[in-house]
Amino acid sequence: MITIAAMGILKPGPEKTLVDRYLEWSRYKFSVREFDARKTKDCDRALLSACPAGSYKIALDEGGKQLDSQQFAEILRKHADVAFMIGAADGHGALVRESSDLSLSLGRMTMAHALARVVLAEQIYRAHTIITGHPYHR
């Protein structure tokens with residue numbers, strides 16, 4: 001089971017289409033929880049509340065560890081339940097950082113949250129193809 005907990009609601013458009021397509025292709029069981037950052041008093045608690053008990057928690061953060069696709073796939077191979085947390089515009093607070101098993105950077109450049117979700121979804125699909133031996137990842 002893969003959970004994506006995100007501050008910000010992805011509106012219909014090309015980014016949402018890509019995210020939905022990659023997640024569908026990956027064939028993992030998914031839960032996507034979106035929160036409106038403007039209406040959420042405690043973003044950290046909201047994100048953590050969306051993570052199933054016992055899940056491997058990954059906070060997406062520009063200052064986090066950078067992995068290649070093989071290393072990312074190994075995490076999905078090792079852990080049955082993985083929860084990704086995407087923070088609000090100002091990033092994560094101390095509670096999410098302290099509660100996470102891994103802080104992960106999708107790259108050193110800052111990107112819009114919608115694009116970060118596309119990159120995450122594509123890497124989840126890519127990890128699936130690596131694990132199953134599909135030729136998508138060459």
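How many helices and strands does the secondary structure of the protein come to? In this predicted model, the protein has five helices and five strands. Read along the sequence, these elements follow the pattern β-α-β-α-β-α-β-α-β-α.

The overall dimensions come next. The C-alpha trace spans about 45 × 30 × 30 Å along its principal axes. For 138 residues, a compact globule would have a radius of gyration near 14 Å, and the protein agrees with this, having 14 Å. Of the 138 residues, 43% are buried. The accessible surface comes to about 7,900 Å², and carbon and sulfur atoms account for 51% of that surface.

The contacts can be sorted by separation along the chain. Among contacts in the protein with a separation of 6 or more, 83% are between residues 24 or more positions apart. A local example of contacts across the sequence is found at I9, which lies in the loop between β1 (2–7) and α1 (14–26). Leaving aside residues up to four places away in sequence, I9 touches E34, F35 and D36. The C-alpha atom of I9 is also separated by 8.9 Å from that of R33, a residue 24 positions away along the chain.

Another loop carries M111, which is placed between β5 (102–105) and α5 (113–132). Is M111 buried or partly exposed? Its relative accessibility is 31%, so M111 counts as partly exposed. The cut-off for membership in a surface patch is over 30% relative accessible area. M111 belongs to a nonpolar surface patch of about 210 Å², made together with L115 and V119.

The cysteines remain to be considered. How many disulfides does the count come to? The count is zero. A disulfide would require a pair of cysteine sulfur atoms within 2.5 Å. For C43, the closest cysteine sulfur is that of C51, and the two do not bond because 14 Å is too far. Seen from C51, the closest cysteine sulfur is in C43, again at 14 Å and therefore too far for a bond. As for their surroundings, C43 has a relative accessibility of 22% and so counts as partly exposed, whereas C51, at 9%, counts as buried. The cut-off that separates these two classes is 20% relative accessible area, with buried meaning under that value.

Notes:
Residues numbered from 1 in each chain as written. Predicted model: local features only at pLDDT ≥ 70, side-chain atom pairs only at ≥ 80, totals over all residues. Heavy atoms only, no water. Patch = residues over 30% accessible without salt bridge, like charges linked within 9 Å, V, L, I, M, F, W, Y side chains within 5 Å. Areas by Shrake-Rupley, 256 points an atom, 1.4 Å probe, with all protein chains shown as cover. Salt bridge = Lys/Arg side-chain N within 4 Å of Asp/Glu carboxyl O. Helix = DSSP H or I, 4+ residues; strand = E, 2+ residues; numbered from the N terminus. Buried < 20%, exposed > 50% of the residue type's maximum accessible area, 1.4 Å probe, protein only. Rg over C-alpha atoms; globule rule 2.2 N^0.38 Å. Contact = heavy atoms within 4.5 Å.
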